[in-house]
Amino acid sequence: MSAISIEKSEKLEGKIRVQGSKNEVLPILCATVINGNISIIHNCPRISDVYNTIKILNSIGCKTEWIDDNSLMVNSRNLNDYRVTCNCVRMMRSSIIFAGALVSRCKQAVCSYPGGCVIGERPIDMHIAAFRKMGIKVINNGKGIECIRYKEKNCKIRLRFPSVGATENIILASIIGNQTVYIYNYAKEPEIISLCSFLIKMGGIIDIRKDYIKISGVKKNCLKNVEYCIDSDRIVAATYMFVVAGCKGDVVLEAADIDKLRASADILKSAGVLINSDSNKGIAFEKKYIRIKMKEKLSLKGKVTTGPFPYFPTDMQSPLMALMAGNNTEFLCKETMFENRFKMANELIKMGADIIIKDNKAYIKGKQLHGCRVNASDLRAGAGLVIAGLGAEGRTVIQHADYIYRGYEDIIRDINSIGGNIHIV
Ligand code: EPZ
């Protein structure tokens, strides 16, 4: 397991081009099995979750090839299996999304229980309940689920909570077949809209309305080759905004879309950070940018509650806690999405932070932190510790830094390009 070391860094300047989105590309890579043909995915981030998804695609007979640094070709013509049970499955939550895609392509799927971060129990009961309503028999075999479509059934599904994963699995399982499926209370994350755009480009029929998504199944031979460009990662962009807010400086994030991270930007603005951007709807995301300027030490009294999009994203909760802990703040952070996502607080407390965790709330009194050895326990906690280390006196060493590479292509390259001081140990 690698480690990274960080020295206090200030007055950051320059520009970073934000990488492609992890949570957008992973379900799209699962969807590439549906057309039984070629998919070319541009702006595909070079992160370990993508490499593991490629291993899963290869394990079921799909051919994959990087045609340039960030463009991946997937050929699913010779798919020869509907069982995704290789070790990689247990390393990632998103592997469960193969279930819906393989049910569309093969009318059946076998998936091991997904692994992923230790941020909570993360059951898949909503996925299973929806599949059963759609005429798909689901057997829990103790190691995973076996799905067999026995009927192409029209149905209306109302999710008890706008789950990202359940929404994605229902959409993917509904693309092929003689059925119409409606999803109410669906997840409205930008990654869902992008998955639908990809499937429509592939030949799927999807109608997105304010209150529901309607998917009308098509015949297999209606689907075609598809070429698609992944949008930039809103969580990576927000993480880098927090880095500049904590270190002070003047930085431009290229290919970053403010409309996808307003909740994060609003907190920084209330703390005196200057943020301007070009998010004109008409321009391609590559041309969009966000400029962050901060001259003073961050000072804020406030609170936030995490929630489904467009509320403050749970994936930014750890970076936020780090930023608030290392500056002049009195801040309350309430986590409503995952029951075990305050693990990182103990590591910040090792750095001298004043944080009290009570139920699903973190009470933070900000102060100057000092560097020491800390452990990343998951992807976003790792990113949070980078923010804490950049503001701390002395040297911080983050162990188990591999977690960070699950979602950040090259955080060291990016932050050092604007004057940061981070190195692989
Ligand atoms: C996606 O996870 C993201 N992962 C997560 O990002 C993100 O935190 C989460 O959405 C919420 O925004 C990917 O897109 C790969 P959910 P997912 O289903 O789909 C409960 C990161 O750091 N639930 O919307 O797993 C669940 O336990 C990762 O990039 C059920 O109870 O999230 C949670 O409390 C971490 N039963 C809530 O719903 C179900 O069947 C939201 O989960 C499904 C979910």
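In this predicted model, isoleucine 157 has isoleucine 183 of strand 11 as its bridge partner. Isoleucine 157 belongs to strand 10, residues 155–158. The chain passes from strand 10 through helix 5 (residues 164–173) to strand 11, and this β-α-β crossover is right-handed. Strand 10 and strand 11 (residues 180–184) run parallel and are joined by 4 bridges. Side chains in a regular strand alternate between the two faces of the sheet. In strand 10, Cys155 and Ile157 make up the covered face. Lys156 and Arg158 make up the uncovered one.

Strand 10 is part of an open sheet of 4 strands. The order is 10-11-13-12, and the pairing is mixed. Strand 10 and strand 12 (205–208) are the edge strands, each pairing on one side only. On average, neighbouring strands of this sheet are turned by 15° against each other, direction ignored. Strand 11 also pairs with strand 13 (residues 212–216). These two strands run antiparallel, and 5 bridges join them. Isoleucine 183 has isoleucine 213 as its bridge partner in strand 13. Helix 5 packs on the sheet. Its contacts are with strand 10, strand 11, strand 12 and strand 13. The direction of helix 5 makes about 170° with that of strand 11.

Another open sheet is formed by 4 strands in the order 6-7-9-8, again with mixed pairing. Strand 6 (83–84) and strand 8 (136–140) stand at the edges. Each has a single partner strand, so one side of each is left without a neighbour in the sheet. The partner of strand 8 is strand 9 (residues 144–149), paired in the antiparallel sense over 5 bridges. Within strand 9, glutamate 146 is the bridge partner of isoleucine 139. Helix 4 (residues 125–133) lies across strand 8 and strand 9. Helix 4 runs at about 145° to strand 8.

The cysteines were examined next. A disulfide is a covalent bond between the sulfur atoms of two cysteines. A search of the whole structure finds 0 disulfides. For cysteine 86, the closest cysteine sulfur is that of cysteine 88, 4.4 Å away. This is too far for a bond, because a disulfide requires the sulfur atoms to lie within 2.5 Å. Cysteine 86 counts as partly exposed, at 22% relative accessibility. Cysteine 106 is likewise in no disulfide. The nearest cysteine sulfur, in cysteine 62, is 9.1 Å away from that of cysteine 106. Cysteine 106 is partly exposed, with a relative accessible area of 22%.

How values were computed. Residues are numbered from 1 along each chain as its sequence is written. This is a predicted model: local features need pLDDT of at least 70, side-chain atom pairs count only at pLDDT 80 or more; totals for chains, interfaces and linings use all residues. Side-chain values use heavy atoms; hydrogens and water are left out. Buried means under 20% relative accessible area, exposed over 50%, partly exposed in between (1.4 Å probe, protein chains only). Two strands pair if DSSP finds at least two bridges between them. A crossover is right-handed if, with the strands pointing away from the viewer, the path from the first strand over the helix to the second runs clockwise. Contact means heavy atoms within 4.5 Å. Axes are lines fitted to C-alpha atoms, for helices over the stretch in contact, and angles run from 0 to 180 degrees between N-to-C directions.
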